[in-house]
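Reader: Could you take me through one part of this structure at close range? I would like to see how the helices around one helix are packed, and then how that part sits in its surroundings.

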2 protein chains.
Amino acid sequence: MKEKIIIVGAGLCGTLLAIRMAQRGFDVKVYERRSDMRKGMEDAGRSINLALSSRGLKALDMAGIKEAILEECIPMRGRMIHPLGVDSFFSAYSGRKEDYINSVSRPGLNIALLDEADRFENIEVVFDAKVTAVDLKEASITYQTTNGTQQDQGSVVIGTDGAGSVVRRSMMAQTTRLLFNYSQDFLRHGYKELSILPGKDTPWKIEKEALHIWPRGNFMIIALPNLDGSFTLTMFHPFDSEIGFNALDTKEKVKAFFEAYYPTLLPYIPHYQEEYFENPVGTLGTIKCYPWQAYGKTLIMGDASHAIVPFYGQGMNSSLEDVRIFDETMEELGYDWEKVFTAFQDKRRHNANAIADLAIDNFYEMRDHVDDLNFKRKRMIEMQLEQEYPDYYSKYSLVTFKPELSYEEAMNLGRRQDKLLLELCSRDDFDSIPLNEYKKRLSALSV
Amino acid sequence: MKEKIIIVGAGLCGTLLAIRMAQRGFDVKVYERRSDMRKGMEDAGRSINLALSSRGLKALDMAGIKEAILEECIPMRGRMIHPLGVDSFFSAYSGRKEDYINSVSRPGLNIALLDEADRFENIEVVFDAKVTAVDLKEASITYQTTNGTQQDQGSVVIGTDGAGSVVRRSMMAQTTRLLFNYSQDFLRHGYKELSILPGKDTPWKIEKEALHIWPRGNFMIIALPNLDGSFTLTMFHPFDSEIGFNALDTKEKVKAFFEAYYPTLLPYIPHYQEEYFENPVGTLGTIKCYPWQAYGKTLIMGDASHAIVPFYGQGMNSSLEDVRIFDETMEELGYDWEKVFTAFQDKRRHNANAIADLAIDNFYEMRDHVDDLNFKRKRMIEMQLEQEYPDYYSKYSLVTFKPELSYEEAMNLGRRQDKLLLELCSRDDFDSIPLNEYKKRLSALSV
């Protein structure tokens, strides 16, 4: 008899996991709280496009669906920076042309994964099924549908039900039994989505193949392109300050604020006032926990076990990479679930912590150092190095374009590189240091 | 009309707070989940004595009950260390005779506080009342008694309901609204209580005025004296290891373990096998959160907002000190609750974090460094300095015997002192450094 795998949550991580487990021959049952998004959408005003990069792509490739997904992506080759009162400029993500990230629609990607899952006879996705309880030891779940409350049991339950995970909550309810460590940490900033609509003659009204940033010190707006010519804007903004979300509560105040801080953006967003008041404010939090598994019967992965802030563009990528690493662990250890779950969590947790910390660092770096002379010099040297030396990767590139390294390895090496480069960039004789001197010193660092 | 203060939890912190608020003229209503402990005790095998020191005493003094409480205490002037295979030795807590800590019975102290509270007409304590929900904004609570579900509303609600706080849980349920940060962090060690019964001729079978420690590297047993001649023993012990709690699951294994590791203790605990299997294993966790207040209507304090591990003997003391600092804040700002709650939490949280971190540090220090040569030298120098110089306080003494300094100040100064002393104690010419040289250098450090 084939073992039955229950997956809670048919988001990006859960659906990819379902496909991979089906490819391995398991019977897979996926329970999803929402309706089938292919029959109409909820979720207006929530983050609807994301940056898909090498780690995510490598995980999709494992399931044989990378090429299909790439067709729905728009390459973003760098950041288009729009400072206040100064000309905009472009800053590539890497000195190598082949290193870029991809703007992809979250529902688009999810639908592509669900369509792929439909091709497997051994996957069943149950929509509109709200899991209310998990018996961690018995690998059984209780769920509600319009037909009432029902139960199901598998060999194991894997929770991929996001930052508000019900499976994780069941672990939390056994806090002292599992010695369950947990933290949730919110930034004092939130986010709100706005949009640039497609143009009539030229669909993309601003540079298409870029991630746009309007940095304003303590706050900013970013924009990612969509296939239909629109851009999704995200306003990262403090809750409490004289011009924070909580203070911008009338049309007059919002207007005055946008005119003062985003004057060059205004022509592209004529309807910003309606969007500002219609769209919700989301929070930005980091969730860490341990253990991720209980009794060798229940496991959480993706945002359920490690939710991070979006400032490194790695939330989705790290969740998809979880599936690849989980697969690698099964390949290594077979289907002894207690062994696999334990090995997976102990291999993966440090990497989840690393990308969580990198993402927080980037929030403060973008906020506090984007105009710093030494940081600008460093970025310039990094570009030159990547153009000149194929084996050199900046910290950003290690994290984003080098999935052969774990997040933790990328973080450790990247931080050592940063320290060295910042030292050199702050020297009085900066102008006279030759490029190969940087390379020589950087090559002495190791993972 | 007098304002009504609702307090959830009639433990040490809640009862002292009730007394203080009544002294200030408020109507105070306290809801306590448990039965009145004066009518019989639950709680066998849970931590029943504690170390009361200067910070706790100063808070009790504010309410005028310090002297009465001290009569129920046994002074502990230092640690009696019982290494394995070597003679026991005594190590004073301070070079000053007047600096000692006090063993006190938790229920004894709680009863004394409840008796004191009974003297106030404007305090009502409702026992057997389980608070199930708190409306943070309305300062109202829902509670269950044998008479069914009822509600009450006050000017404010203050939660002093311990590490498992229901009031905190209500804040957690509004995570994104309050941007409620939270962490729970468990050690991989737990604890279990055992006891030494009173002797017939000499009640205290081992040194009465000491906190006894049987250190064994990765684990230990400690003992505190009780008024009746008994000692409460606490076994701090890993869950998972070859000799961890989870492995010691038969009488044979427990016997072999105690005979190997605690041979000199065995004559005093003839009934240890029964206690080992009857008493539960407790967990050791640190809880931090922020904010502590919501809407200027609800506040948490004591273990509800900052639960810590017991290795600095400050859990109860910090909770009682909360009440003193809260009182100080009212004195300063009056009864504008939003102002008072906000000022209190922002003043107190860093101190709560400091003692939490100090307690964790001490766990590792007791475990890993107790036999370290430099640490022993440092302890010796600290004693000599405290004997010689009235104004010198070691880190331990700053935290324990100097409540004029906040925990954070004590931690910062104490850590700088430790660093300096450890440097000097590791020098080759250690033997030739005169005491006044230490003092001179230490005096250059400031809070």
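Author: Happy to: what follows looks at one helix and its two partners, and then moves outward to other features. Please keep in mind that this is a predicted model.

Let us start with helix α1 of chain A, residues 12–23. Two packed helices are described by the angle between their axes and the distance between the axes. For α1(A) and helix α4 (residues 106–118) of chain A, the axes come within 9 Å and cross at roughly 20°. An angle under 35 degrees counts as roughly parallel, so α1(A) is roughly parallel to α4(A). The crossing of this pair is left-handed. On the α1(A) side, L12(A), T15(A), L16(A) and I19(A) make the contact. From α4(A) come R106(A), L109(A), N110(A), L113(A), L114(A), E116(A) and A117(A). Sorted by class, the contact of α1(A) with α4(A) holds seven nonpolar, two polar and two charged residues.

Now for the second partner, helix α9 (residues 315–333) of chain A. Its axis and that of α1(A) come within 9 Å, crossing at roughly 25°. That angle makes α1(A) roughly parallel to α9(A). Here the crossing is right-handed, whereas α1(A) passes α4(A) in a left-handed one. α1(A) brings L12(A), C13(A), L16(A), L17(A), R20(A) and M21(A) to the contact with α9(A). α9(A) answers with M316(A), S319(A), L320(A), V323(A), F326(A), D327(A) and M330(A). Ten nonpolar residues, one polar and two charged make up this contact. L12(A) and L16(A) take part in the contact with α4(A) and also in the contact with α9(A).

For contrast, here is another helix pair in the chain. Helix α11 (residues 373–388) and helix α14 (residues 435–443) of chain A pack at about 80°, with their axes 10 Å apart. That makes α11(A) roughly perpendicular to α14(A). I381(A), Q384(A), L385(A) and E388(A) of α11(A) meet L435(A), Y438(A), K439(A) and L442(A) of α14(A). Five of the residues in the contact of α11(A) with α14(A) are nonpolar, one is polar and two are charged.

Strands bring in charge pairing. Side chains of opposite charge can pair when their charged atoms come close. E124(A) and K29(A) form a salt bridge between their side chains, at 3.6 Å from N to O. The pair ties together distant parts of the chain, 95 residues apart: E124(A) is in strand β8 (residues 123–126) and K29(A) in strand β2 (residues 27–31) of chain A. Over all chains, the structure has 64 salt bridges, yet zero are found across the interface of chain B and chain A.

That interface deserves a look too. It puts 18 residues of chain B in contact with 18 residues of chain A. About 1500 Å² is buried between the two chains, 56% of it on carbon and sulfur atoms. L179(B), Q184(B) and R188(B) account for 40% of the area chain B buries against chain A, more than any other three residues.

A few backbone details round off the tour. Most residues other than glycine have a negative phi, and most peptide bonds are trans. L179(A), not a glycine, has a positive phi of about 50°, and sits in the loop between α6 (175–178) and β13 (181–196) of chain A. The Y290(A) to P291(A) peptide bond is cis, with omega near 0°, and P291(A) is in the loop between β17 (282–290) and β18 (293–294) of chain A. In chain B, the bond from Y290(B) to P291(B) is cis, with P291(B) in the loop between β17 (282–290) and β18 (293–294) of that chain.

Methods. Residues numbered from 1 in each chain as written. Chains lettered and ligands numbered in written order. Predicted model: local features only at pLDDT ≥ 70, side-chain atom pairs only at ≥ 80, totals over all residues. Heavy atoms only, no water. Axes fitted to C-alpha atoms, helices over the stretch in contact; angles between N-to-C directions. Helix = DSSP H or I, 4+ residues; strand = E, 2+ residues; numbered from the N terminus. Parallel < 35°, antiparallel > 145°, perpendicular 65-115°, else oblique. Left-handed = near helix turned anticlockwise from the far one by under 90°. Contact = heavy atoms within 4.5 Å. Nonpolar A, V, L, I, M, F, W, Y, C, P; charged D, E, K, R; others polar. Buried area = accessible area lost by both parts, 1.4 Å probe. Salt bridge = Lys/Arg side-chain N within 4 Å of Asp/Glu carboxyl O.
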